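The exercises below each set a task on internal space, packing or a single residue, and each is followed by a worked solution. Please try each task with the structure open before reading on.

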Amino acid sequence: MKTSYIFTLTSLLLSSILLQAQDLKQNIRGRVIDEQSEMSLPGVNIFIVDENKSIGTVTDMDGYYLLENVPIGRVTVGFSFIGYKPVTIQNVELIGSKELVLNVSMRENTQELDEVTVTANSEKERVKNERVNVSGRTFSIEETMRFAGSVQDVSRMASNFAGVQRTNDSQNDIVIRGNSPIGLIWRLEGIDIPNPNHFGGLGATGGPVSMLNNNVLANSDFLTSAFPSEYGDGVSGVFDLGLRNGNYENHEFLGQIGFNGLEFGAEGPINRDKKSSYLINYRYSTLGIMAAMGIDFGTGTAIPFYQDLNMKLHFPSRKYGTIDVFALGGISSIEFLDSENEEDEDGGFYSDDQDLRNRVRTGVIGISHQYFFSNDLYSKVTLAATTTSTFVDIDTLNRDGTIISPNYRQDFTQNDVQFSGFINKKFNAKNVLRAGVFVTMKNYNLNDSVYDFNLDSFRNLRDHEASDMLYQPYVNWQYRISDRWEMNTGVHVMYLQSSGNYNIEPRYGLSYNIDEKQSVNFGYGHHSQIPPVNILYDQIRLTDGSYITPNENLEFTKSHHLVLGYDRMFANRIRFKAETYYQYIFDAVVEQQASSFSSLNSGGFNVGAPDSVKNGGIGYNYGLDLTLEKFMDRGLYFLTTLSLFESQYQGSDQIWRNTAFNGNYVWNALGGKEFLLSKKDSKFRQTLTLDGKVTFAGGQRYTPLDLPASIAEGGEVYDESRAFGEQYDPYFRADIRIGYKMSGKKVTQEWALDIQNVTNNDNPFGQEFDAETQEAVTTNQLGLFPMVLYRITF
């Protein structure tokens with residue numbers, strides 16, 4: 001009897017395990033729309049591309065679909081519809097604890113079906129913005145999680161792409177084709193946003209840690225030249241990001257801890273019948289939590305405290321249109337206090353013989369409304385408010401640290417209210433017209449001062465409070481001459497109300513598909529940007545104690561972009577891409593008197609500027625970008641890029657020099673392999689991933705110290721006659737990532753180890769003067785640095 005009971009119990013347990021093993025399935029859902037009109041497409045066929053699986057469905061009247069009970073793992077999903085080009089999304093990961101949401105846009109054929117050969121296009125080969133013909137790349141959020149060295153940061157992930165340079169480990173600045181990183185446009189949910197990085201500050205575009213959480217981002221676009229007419233106030237490139245919608249059927253949760261922070265996320269339906277949803281994610285710095293627990297990481301007072309929040313609410317309606325509410329916010333602070341350095345060690349690059357306190361606050365909140373007047377005409381309006389504030393205190397110390405003297409104070413705030421609106425008309429499959437406008441009300445409150453020992457008080461550098469209006473109307477016409485030829489042409493206008501400055505900027509893009517596997521592309525763009533805020537509103541103190549603002553009427557910095565590209569798809573999902581480009585920059589900001597200064601070198605730690613400046617600087621960038629990539633296929637992927645470029649500028653002394661970003665070459669090679677560890681009848685799906693990356697790039701350009709002058713001054717004095725005339729040794733860094741994932745029916749867990757600079761290579765960072773040894777000392781960047789991560793979804 002006892003033996004029978006045990007046998008029966010064992011049989012029940014085994015049956016339960018086997019039933020769970022058989023139930024390792026999940027749903028795929030989403031929506032299909034027309035690429036040009038964004039109208040929903042009913043009746044689209046959706047199917048799993050697998051000869052062993054006959055799973056399929058069709059979209060309903062609103063374009064929604066549901067593929068039920070799909071076995072978890074890597075899946076390929078096909079979309080087909082009469083009169084439209086088929087779409088295939090390949091090798092996306094489906095896990096047991098979270099539904100996969102795939103929203104797809106399909107392109108209508110320009111010819112009758114029997115007149116053209118139609119082949120399936122991979123969603124990965126296309127740019128989300130259909131008005132981009134050249135210098136564009138769509139990236140998936142899975143890549144930010146998978147690529148070694150990316151540490152789940154979209155900026156660091158983008159540094160793997162051709163034309164992008166990032167040889168500063170402490171910052172995620174994006175240097176595109178030799179341009180200053182401040183020329184980058186950050187766009188989120190259709191509006192321009194301030195720097196979305198912790199510790200970044202006003203006027204910068206990068207920082208040590210991103211506030212954009214990759215767990216809530218949708219697939220997004222990264223543009224590197226000649227971008228379409230809807231983008232303005234930037235001369236180098238565009239990050240066009242979107243927040244994904246939450247799951248409108250099931251509540252799902254996420255927990256994650258790693259070096260970047262401890263975070264929690266949730267998403268789910270608000271109203272299932274109306275398919276409205278919420279998505280929210282909150283993160284707090286891991287080191288901040290550990291410090292509060294009394295754990296010492298050996299960083300002294302330099303503990304980065306930060307927290308951020310990402311949120312989106314989605315309310316679709318067939319009758320009233322779609323309303324989205326979105327928000328992004330971040331707070332960060334850090335203190336480098338050399339006065340509390342009890343071990344008498346160097347304070348480091350930031351704080352040797354000084355106390356530095358830095359706080360940054362950034363916020364974005366907005367609401368958008370998309371409304372369809374008919375199947376081929378819709379509008380979208382967005383209203384948003386953004387804010388960014390930077391607070392900096394610097395005090396200097398004497399040699400023995402017993403006297404603290406005030407040095408610098410900064411309180412910068414910029415509050416913007418932005419309206420974005422456009423109307424989109426699809427006349428037919430060949431002709432689409434979009435016209436819109438960005439209107440931004442800018443409010444500045446800029447206060448900073450430096451201690452003047454002659455006055456025995458702080459002397460204002462800026463004490464400026466003002467408002468301004470920036471208007472940016474644009475129009476774009478897409479003309480698909482045939483399924484082989486496509487043209488996008490348009491005009492962008494920038495007008496700044498306070499100064500009356502304006503610029504008319506034509507844009508043009510052309511693509512020709514030689515056949516179904518290869519194409520050539522051409523692009524031209526005229527672009528401009530408002531000068532940096534710290535330069536535009538700089539103040540000079542006169543002898544009577546009053547102040548003037550000499551730079552308020554500076555013109556925009558302007559640039560011409562020319563790009564020619566070639567794209568080829570090979571078998572086994574291998575892609576080759578080549579682009580050559582030329583950029584001419586003019587009306588850059590330079591000093592009134594002859595000097596080497598130019599705003600084209602601004603960014604990162606090159607933030608200083610003379611008091612009195614003018615337009616008139618010029619520069620150029622030209623180069624060749626090569627990419628060879630294998631998209632994820634059978635668990636294997638690789639990406640290798642080579643960028644060869646030249647970047648030169650002229651200051652007001654009219655001498656041609658290397659820009660600060662003229663590294664001349666960047667080579668990246670990364671790849672990885674996913675191994676399936678579990679068997680088909682296993683209770684969990686277990687995978688092991690091995691990823692690696694190698695970067696080899698030209699060394700950073702720098703201005704050498706004038707050692708005799710530095711000795712006489714007792715501090716750093718640079719030889720400006722040799723501005724950026726020296727170059728550090730080549731930059732080399734290797735990263736590896738090892739990940740293990742266990743996916744069950746209700747819970748998925750992931751562990752990862754990311755080791756940056758695994759060879760512990762010394763990459764130069766900067767030069768400083770050591771007053772004790774009276775020598776120039778070179779500081780190095782990040783050494784070997786391991787980072788661990790744990791993620792759970794349920």
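**Exercise 1.** Which elements each supply at least two residues of the lining of the second largest cavity?

*Solution.* The model is a predicted one, and the values below are computed from it. Begin with the space itself, since the second largest cavity holds about 230 Å³. It is lined by 17 residues, and those closest to its centre are Arg-137, Phe-161, Ala-162, Lys-577 and Thr-627. Sorting the lining by element then gives the answer: β10 (136-139), β35 (574-591), β36 and β37 each contribute at least two residues. Within this group β36 gives the most, with 4 residues. Finally, a division by class yields 5 nonpolar, 5 polar and 7 charged residues in this lining.

**Exercise 2.** Describe the largest cavity by its volume, its lining and the elements around it.

*Solution.* First place it in context: the structure holds 10 cavities of 30 Å³ or more, and the largest contains about 850 Å³ of space. Next, consider its lining of 44 residues, in which Ile-182, Leu-184, Gly-203, Asp-233 and Gln-529 lie nearest the centre. The elements that give two or more residues to this lining are β13 (184-188), β25 (377-397), β26 (404-426), β27 (431-452), β28, β36 (613-633) and β37 (636-650). Of these, β27 gives the most, with 4 residues. By class, the lining is made up of 19 nonpolar, 21 polar and 4 charged residues.

**Exercise 3.** Which residues touch the most other members of the largest nonpolar core?

*Solution.* This core has 32 residues, and the ones touching the most other members are Phe-139, Phe-222 and Phe-239. At least two of its residues come from each of α3 (154-158), β13, β18 (237-241), β23 (322-337) and β37. To examine one member in detail, set aside the neighbours of Phe-222 within four places in sequence; its remaining contacts include Phe-139, Phe-161, Ile-174, Ile-176 and Phe-239. Apart from the largest nonpolar core lies another core, of 24 residues, among them Ile-28, Leu-41, Ile-46 and Ile-55.

**Exercise 4.** Is Asp-483 buried or exposed, and where does it lie?

*Solution.* Locate the residue first: Asp-483 sits in the loop between β28 (457-479) and β29 (485-496). Its relative accessibility is 11%, and the cut-off for a buried residue is under 20%, so Asp-483 counts as buried. The last step is to look for a side-chain partner, and here a polar contact of 3.2 Å joins the side chains of Asp-483 and Arg-480.

Terms used. Residues are numbered from 1 along each chain as its sequence is written. This is a predicted model: local features need pLDDT of at least 70, side-chain atom pairs count only at pLDDT 80 or more; totals for chains, interfaces and linings use all residues. Side-chain values use heavy atoms; hydrogens and water are left out. Buried means under 20% relative accessible area, exposed over 50%, partly exposed in between (1.4 Å probe, protein chains only). A polar contact is a pair of N or O atoms within 3.5 Å; within protein, one must be able to donate a hydrogen and the other to accept it, and residues adjacent in sequence count only if both atoms are side-chain atoms. On a 1 Å grid over the protein atoms alone, a cavity is a set of points where a 1.4 Å probe fits but cannot get out, and a pocket is an open set with protein on both sides within 12 Å along at least five of seven lines; lining residues have an atom within 4 Å of a point. Grid points are joined across faces, edges and corners, and a volume is the space filled by probe spheres set on the points. Ala, Val, Leu, Ile, Met, Phe, Trp, Tyr, Cys and Pro count as nonpolar, Asp, Glu, Lys and Arg as charged, and the others, Gly among them, as polar. A nonpolar core is a set of buried Ala, Val, Leu, Ile, Met, Phe, Trp, Tyr and Cys residues joined through side-chain atoms within 4.5 Å. Contact means heavy atoms within 4.5 Å.
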